[in-house]
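Visitor: Hi! I'm new to reading protein structures. Could you walk me through this one, step by step?

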Amino acid sequence: MLQTGPRYISPAPNGGFVVSEECGDVKVFMSSRKLLCSLSSKYGHQFGNPAGVCVDADGSILVADEQRRTVHLFPEHGAPICLVSAGLRRPTGVACSSFGHLFVADTGENCVKVFNLCGLQEQG
């Protein structure tokens, strides 16, 4: 049975929040709890199974896609950037630090992987 609905959530710098939906989309809400946008509509991006979400210091949204085994960055302006496209078996959680690190919980390998966010974006 296909499950839908909210899965992971992250606060956004503007007082709003970001929510991933099981086998669906990632939605961005304003501080008033009104829907601001859906990432698939805004960017024309198709998710497999969006899981963990976080927002970096620049306000960009990072999404782990469990099915596609990737982590994408969605900047406020511009096209999405695939930050990690190899080496992940089942990325389910993401977090970024103020020191430029990206942490990815990979439940397929039972570990947390750490990436240098600055280097990844330059390659993107």
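Guide: Sure! One term before we start: accessible area here comes from the Shrake-Rupley method with a 1.4 Å probe. Keep in mind, too, that this is a predicted model.

Visitor: Okay, how much area does the protein chain expose, and what share of it do carbon and sulfur atoms supply?

Guide: With that probe, the protein chain exposes about 6900 Å². The share supplied by carbon and sulfur atoms is 50%.

Visitor: What is the radius of gyration of the protein chain, and what would a compact globule have?

Guide: Start with the chain length, 124 residues. A compact globule with that many residues would have a radius of gyration near 14 Å. The C-alpha atoms also fill a box of roughly 40 × 35 × 20 Å along the principal axes. The value for the protein chain agrees with the globule rule, because it is 13 Å.

Visitor: How many helices and strands are there, and in what order do they run?

Guide: The protein chain has two helices and 11 strands. Reading from the N terminus on, the order is β-β-β-β-α-β-β-β-β-β-β-β-α.

Visitor: What percentage of the residues count as buried?

Guide: A residue is buried when its relative accessible area is under 20%. Applied to the 124 residues of the protein chain, that cut-off gives 43%.

Visitor: Is Leu62 buried or exposed?

Guide: First, find Leu62 in strand 6, which covers residues 61-65. Leaving out residues up to four places away in sequence, Leu62 touches a long list of others, including Val53, Cys54, Leu73, Leu83, Val94 and Leu117. Its relative accessible area is 0%, so Leu62 is buried.

Visitor: And Val19, buried or exposed?

Guide: Val19 belongs to strand 2, residues 17-21. Among the residues Val19 touches, not counting those up to four places away in sequence, are Pro6, Tyr8, Ile9, Val26 and Phe29. Its relative accessibility is 10%, so Val19 counts as buried.

Visitor: How far apart are the C-alpha atoms of Val19 and Glu66?

Guide: Along the chain, Val19 and Glu66 are 47 residues apart. For another pair, Leu62 and Glu21, the sequence gap is 41 residues and the C-alpha atoms are separated by 14 Å. For Val19 and Glu66, the C-alpha separation is 15 Å.

Visitor: Which loop holds Arg33, and is Arg33 buried or exposed?

Guide: Look between strand 3 (26-29) and strand 4 (35-38), where a loop carries Arg33. The phi of Arg33 is positive, about 70°, although Arg33 is not a glycine. With a relative accessibility of 65%, which is over the 50% cut-off, Arg33 counts as exposed.

Visitor: What about Arg69: where does it lie, and what is its phi?

Guide: Arg69 is in the loop between strand 6 and strand 7 (70-74). It counts as partly exposed because its relative accessibility is 46%. Arg69 is a residue other than glycine, yet its phi is positive, near 60°.

Visitor: Where does UniProt place the NHL repeat, and how far apart are the span ends?

Guide: An unreviewed UniProt entry places "repeat: NHL" at residues 44-77 and 88-118. Residues 44-77 are 0% helix and 47% strand, with end C-alpha atoms 13 Å apart. Residues 88-118 are 6% helix and 58% strand, and their end C-alpha atoms lie apart by 19 Å.

Visitor: Last one: how far apart are the mean positions of the positive and negative charges?

Guide: The protein chain has 10 positive and 11 negative charges. Take the mean position of each group, and the distance between the two is 6 Å.

Methods. Residues are numbered from 1 along each chain as its sequence is written. This is a predicted model: local features need pLDDT of at least 70, side-chain atom pairs count only at pLDDT 80 or more; totals for chains, interfaces and linings use all residues. Side-chain values use heavy atoms; hydrogens and water are left out. Helices (H or I, at least four residues) and strands (E, at least two) are DSSP runs, numbered from the N terminus. Buried means under 20% relative accessible area, exposed over 50%, partly exposed in between (1.4 Å probe, protein chains only). Contact means heavy atoms within 4.5 Å. The radius of gyration is taken over C-alpha atoms; the globule rule is 2.2 Å times the number of residues to the power 0.38. Lys and Arg count as positive and Asp and Glu as negative; His and the chain ends are not counted. The place of a charge is taken as NZ of Lys, CZ of Arg, CG of Asp or CD of Glu. UniProt positions are given in the numbering used here, feature names are shortened, and annotations may be inferred rather than shown by experiment.
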